[in-house]
Amino acid sequence: VAPCILMPAPICLIENSSEGELQVQQEALRVLEEITQPTVVVAIAGLYRTGKSYLMNKLAGKRTGFSLGSTVQSHTKGIWMWCVPHPCRAGHTLVLLDTEGLGDVEKGNVKNDVWIFALAVLLSSTLVYNSKGTIDQYAMDQLHYVTELTEHIKVKAAGGGGRQEKEDSAEFVRFFPAFVWAVRDFTLQLELDGQEISEDEYLEHALKLKHGSSQETQQYNLPCECIRQFFPDRKCFVFTQPASRRNLARLEELQEAELEPEFQEQMNQFCHHIWETSKPKTIPGGHVVTGAMLGNLAVTYVDAIRSGGVPCLENAVLTLAEIENSAAIRVAAAVYEERLAQKAVLPTQSMTELLEVHAQCEREALQAFMARSFKDDDRRFQSELMEQKQDLCQRNELASSDCCTAALRELSDELDNRISQGDYAVPGGYQHFLDDQRQVAERYRQVPGKGIMAEKMLHEFLQSKETVGQSILQTDEALTEKEKEMAGTHRGVVVCCAIEAGETMPEAELQQKLEDQERSFKENLQQLEEKLEDERKKLLDEQGKMVDQKLKVPVGHVLLWRYPQDGYSLGELTSTVWVRTLMHGVLANGRQGPGHQARWACGADPETG
């Protein structure tokens, strides 16, 4: 398991200049690049000077870290990052993102508040929204950023307008983070109609839609509807004031005993909930995001914003796939070479031995590739493995050739000396030459570890001596012309047979390579099918989550009885149509009379229909 990067203090991930220009910081990218573990990304957003940084320090298990400040000025600019070992998930890194306070009047450019909020949503697996006081109309008004998300985030690259935009907003739930609303300095009693309620019930009551068609009502309902639609997984925590007013200015200096006991308990519950329930960051398809991937996502999104565009998840995933698959190929190639160095000593004695080692190394390399890659639609790694095998065969042949050449050079040294000194230019010299050459060949065959090129290199050696042999034969006075002719013919046959034998070897090797290629293809295909099946299940889970959200009927929306003769067919009652109570067809106690039909109607406007 890769170790978590230890950061003594937070660093800036995305800088927000005074001119409102966003820029990803290289130092943060270098830190993220080293994190190969899955990441659980928790981001916090909210109005400035509401104590966001204090919550994040607590999640990091520290008293200090993210800058708190003690004045009305906002301290955090842009998005700051702190990577720490996850307290509950072994082998995971907890990435905390503290965002610039929203609504800061001292900003040179307040328009990028929504970009900061959108980036917090896009990068996190859990989003904490921090506010003060109560969840009231004012708090909802301050959360108008959530109503603008569909204008600043796109799911699909191809814009179709109209229907396409609505489909995109319905798909946001597939990748939006879990939502936690933290209400600070809460002073009310958690009661409703005289009954004690939980914090979650308090939030759901606050998100309840109002009936009416007025502009004011629609304006009130809009952020509530967006939160309900985009964040089906939501939670609420309320916090009392942590200490006396005079001690708030030095909150990060206070010891645990100096904090209000109720606040300590609330903070403990909040931290444990975040630690225990926050899931690893994923992108569509269920692919778990590592630190390196998170950095690349940040760059992709910020580049889109800087270019005047809108961050698009589909484009980001494609860009990330290209980066990750290239990195996966490099990692897999390194695994292949490492295993090859452990398992193989080149040259091997046979092609079978070489291909067996290649198959073992290939399997481990393929596993390393599959663990990191995704959307490898063009099967790039399959081609890479073929190139690796070809390269391995060439390296093996070269190692064998070098070994054989060295052996033949040493063994034939005496033979070459005798040729150069003319020792064979005597009667009977040709027979002596043949005997010496045969002795070199016999001693050569006894040399171990020559590899698969042994016979071919011997044949080339014998062929290289053919001209010398013919010259010695023709000058041998001990042989008659008839004997010379017969000897030359015999030697020619021997050399030709040796060459032909050497040429049949590549054909056998080619057949072995083809068989290995078929094996490799089948194993690749099997692992790919397993990976695709896993991705298919994750995709179905995402789609199921989206469909479940679509089918939910918000609190306050009613099940209506409608006469068939009202003129609406079942097909017309789509998920984008709201149906109000009609003057007829609605029965007391929900009883259905003769000829009535029950229909669920879901949509965005409770006043239309």
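## Close-up views of a predicted chain

**View 1. Leu-318 has its place in helix α12.** Helices and strands here are DSSP runs numbered from the N terminus, with H or I over at least four residues for a helix and E over at least two for a strand. This is a predicted model, in which local features need pLDDT of at least 70 and side-chain atom pairs count only at pLDDT 80 or more, while totals for chains, interfaces and linings use all residues. Residues are numbered from 1 along each chain as its sequence is written, and side-chain values use heavy atoms, leaving out hydrogens and water. Is Leu-318 buried or exposed? Neither: with 45% relative accessibility, Leu-318 counts as partly exposed. The cut-offs are under 20% relative accessible area for buried, over 50% for exposed and the range in between for partly exposed, using a 1.4 Å probe and protein chains only. Follow the chain for 57 residues and you get to Lys-375, whose C-alpha atom is 8.0 Å from that of Leu-318.

**View 2. Here is the whole chain, before we zoom in again.** You can pick out 19 helices and 14 strands. Of its 609 residues, 47% count as buried. Now take the contacts (heavy atoms within 4.5 Å). Among those between residues at least 6 apart in sequence, 74% join residues at least 24 apart.

**View 3. Helix α3 spans residues 113–123 and is largely enclosed by the rest of the structure, because 11 of its 11 residues are buried.** Those buried residues start with Asp-113, Val-114, Trp-115 and Ile-116. Next along α3 come Phe-117, Ala-118, Leu-119 and Ala-120, buried too. Val-121, Leu-122 and Leu-123 are also buried and complete the set.

**View 4. Helix α1 (residues 26–33) packs against helix α11 (residues 291–306) at an angle of about 150°, with 7 Å between their axes.** So α1 is roughly antiparallel to α11. The axes are lines fitted to C-alpha atoms, for helices over the stretch in contact, and the angles run from 0 to 180 degrees between N-to-C directions. As for the wording, under 35 degrees is roughly parallel, over 145 is roughly antiparallel, 65 to 115 is roughly perpendicular and the rest is oblique. Which residues meet here? From α1 there are Leu-29, Leu-32 and Glu-33, and from α11 there are Gly-291, Ala-292, Leu-294, Gly-295 and Val-299. Sorted by class, the residues of this contact are 5 nonpolar, 2 polar and 1 charged. Nonpolar covers Ala, Val, Leu, Ile, Met, Phe, Trp, Tyr, Cys and Pro; charged covers Asp, Glu, Lys and Arg; the others, Gly among them, are polar.

**View 5. Helix α15 (residues 413–420) crosses helix α16 (residues 429–445) at roughly 160°, and their axes come within 10 Å.** The two helices, α15 and α16, are therefore roughly antiparallel to each other. Their crossing is left-handed, meaning that the near helix is turned anticlockwise from the far one by less than a right angle (clockwise would be right-handed). On the α15 side look for Leu-415, Arg-418 and Ile-419, which meet Phe-433, Asp-436, Gln-437 and Val-440 in α16. That contact has 4 nonpolar, 1 polar and 2 charged residues.

**View 6. Tyr-220 is found in helix α8 (residues 215–230).** Tyr-220 counts as buried, at 13% relative accessibility. Set aside the neighbours within four places in sequence, and Tyr-220 is in contact with Gln-137, Ala-206, Lys-208 and Lys-210. Between the C-alpha atoms of Tyr-220 and Leu-207, which are 13 residues apart along the chain, there are 9.7 Å.

**View 7. Asp-185 and its positive phi of about 50° take the stage here, and this residue is not a glycine.** Look in the loop between β7 (178–184) and β8 (191–192) to find Asp-185. Asp-185 is partly exposed at 23% relative accessibility. Past β8, in the loop leading to β9 (195–196), sits Asp-193. Phi of Asp-193 is positive as well, near 55°, and Asp-193 is exposed, with 75% relative accessibility.

**View 8. Leu-346 and Pro-347 are joined by a cis peptide bond, with omega about 5°.** Pro-347 belongs to the loop between α12 (313–343) and α13 (351–372).

**View 9. Two cysteines, Cys-312 and Cys-361, round off the tour.** Cys-312 is buried at 8% relative accessible area, and Cys-361 is buried at 0% relative accessibility. How many disulfides does the structure hold? The count is 0, where a disulfide is a pair of cysteine sulfur atoms within 2.5 Å.
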